[in-house]
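User: I'd like to talk through a model with you, going from the overall fold to some local details. Could you put it up?

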Amino acid sequence: MSKIFTPTNQIRLTNVAIVRLKRGGIRFEIACYKNKVVSWRNKLEKDIDEVLQTHTVFTNVSKGQVAKKEDLIKVFQTDDKTKICLEILEKGELQISDKERAAHLDTLTKEIATIISDKCVNPENKRPYPTSIIIKAMKDVHFSAKLNKSAKQQALEIIPKLTSVIPIERAQMRIKVSIGAKDANKFKEKLVKFVSKVEMEKCDSLDLNMEFLIDPGCYRQVEELCNSYKSATFELLSLKEVAEGDELLSC
């Protein structure tokens, strides 16, 4: 009985999720484990070996056709297969059935809405919106989730657009600062552009004490400003400022 030989440039894989990237007129594919691609992109999975079935770059996973080394170097400027796999995993398109895609998109949309509900409030009453309201608002602005981007990234991108259909803003962070009186005026001049609302300000011959609210996106700048003054002390009082009676949730 004659033996059947498989060409050396072919690798047969089954039950895979394929991520495809077209570049330089060539199609490149990688074989991943199902349900792991989205977890990787959402930074829930950090072990690349749990995502990739093999550190091999294909031109066609289904047929087991492996990409040529010269094509990899020409397109990616390297023949490091793991490095190329990571780039395809980040920028490529996940190839799944219509039914699977719909299920993934539905799950991702709910995850995005949950993040927005957690990070934002209605500025009129300082209360968070239910996820059902957020999902409806996302539909009203014709938002479509993308499988190749993380839920958090998409949530932060869509928040400004939601203001066209519902009153919404990032929940504020409450900060307390104490600084020596001699530095107080210069400090306040620089601080004012970051502050949404000053809730307490007391100044005596020794120190200026302030409590104020800022947008979470300004936290790093305020922290760096405080650290630039030796006489300043900085304290984060709450991560998310909501109406009294609501739970305080981390941003």
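User: How many helices and strands does the protein have?

Analyst: This is a predicted model, and in it the protein has eight helices and 11 strands.

User: And what share of the residues is buried?

Analyst: Of the 251 residues in the protein, 39% are buried. The protein exposes about 15,000 Å², and carbon and sulfur atoms supply 49% of that area.

User: How much of the contacts with a separation of 6 or more comes from residues 24 or more positions apart?

Analyst: Such residues account for 65% of the contacts in the protein with a separation of 6 or more.

User: Let's go to the start of the chain. How do β1 and β2 pair?

Analyst: Strand β1, residues 17–23, pairs with β2 in the antiparallel sense over seven bridges, and one of the bridge partners is Ala31 in β2, which sits opposite Ile18. The hairpin they form has two residues between the strands, and Gly24 takes a positive phi near 60° there.

User: Is β2 mostly covered or mostly open?

Analyst: Strand β2, residues 26–32, is mostly covered, since six of its seven residues are buried.

User: Which residues have the most contacts inside the largest nonpolar core?

Analyst: They are Phe28, Cys32 and Ile88, in a core of 22 residues. The elements that give two or more residues to this core are β1, β2, α1, α2 and α3, the last of these spanning 81–91.

User: What does Cys32 touch, leaving out residues up to four places away in sequence?

Analyst: With those set aside, Cys32 touches Val16, Ala17, Val19, Val37, Val51, Leu52, Gln53 and Leu89.

User: Where is the rest of the nonpolar packing?

Analyst: Apart from the largest core lies another one, of 21 residues, among them Tyr129, Ile135, Met138 and Ile159.

User: Changing topic, how many aromatic pairs are there?

Analyst: The count comes to three aromatic pairs. One of them joins Phe28 and Phe76 edge-to-face, with 5.0 Å centre to centre and 70° between the planes. The pair links distant parts of the chain, because Phe28 lies in strand β2 and Phe76 in helix α2 (residues 69–76), 48 residues apart.

User: Why do both of those rings' residues count as buried?

Analyst: Buried means under 20% relative accessible area, so Phe28 qualifies at 0%, and Phe76 does too, with a relative accessible area of 7%.

User: Now helix α5. Which of its residues are buried?

Analyst: In α5, which covers residues 131–140, Ile134, Ile135, Ala137 and Met138 are buried. Seen down the helix axis, the buried residues of α5 fall within an arc of 160°, so they line one face of the helix.

User: What is on the face turned away from the buried side, and what covers the buried residues?

Analyst: The face of α5 turned away from its buried side carries Lys136 and Lys139, which are exposed, while the cover over the buried residues includes α4 (98–119) and α6 (151–162). Just after α5, His142 takes a positive phi of about 60°.

User: One last residue: where is Lys43, and is it buried or exposed?

Analyst: Lys43 is found in the loop between α1 (36–41) and β3 (58–60), and with a relative accessible area of 61% it is exposed.

User: How far apart are Lys43 and Ala151 in sequence and in space?

Analyst: Lys43 and Ala151 are 108 residues apart in sequence, and their C-alpha atoms are 9.8 Å apart in space.

Conventions: Residues are numbered from 1 along each chain as its sequence is written. This is a predicted model: local features need pLDDT of at least 70, side-chain atom pairs count only at pLDDT 80 or more; totals for chains, interfaces and linings use all residues. Side-chain values use heavy atoms; hydrogens and water are left out. Helices (H or I, at least four residues) and strands (E, at least two) are DSSP runs, numbered from the N terminus. Buried means under 20% relative accessible area, exposed over 50%, partly exposed in between (1.4 Å probe, protein chains only). Contact means heavy atoms within 4.5 Å. Accessible areas come from the Shrake-Rupley method with a 1.4 Å probe; for residues, only the protein chains shown count as cover. Two strands pair if DSSP finds at least two bridges between them. Rings of Phe, Tyr and Trp (its six-membered ring) pair if their centres lie within 6.5 Å; planes under 30 degrees apart count as stacked, over 60 as edge-to-face and the rest as tilted. The arc is that of the directions from the helix axis to the C-beta atoms. A nonpolar core is a set of buried Ala, Val, Leu, Ile, Met, Phe, Trp, Tyr and Cys residues joined through side-chain atoms within 4.5 Å.
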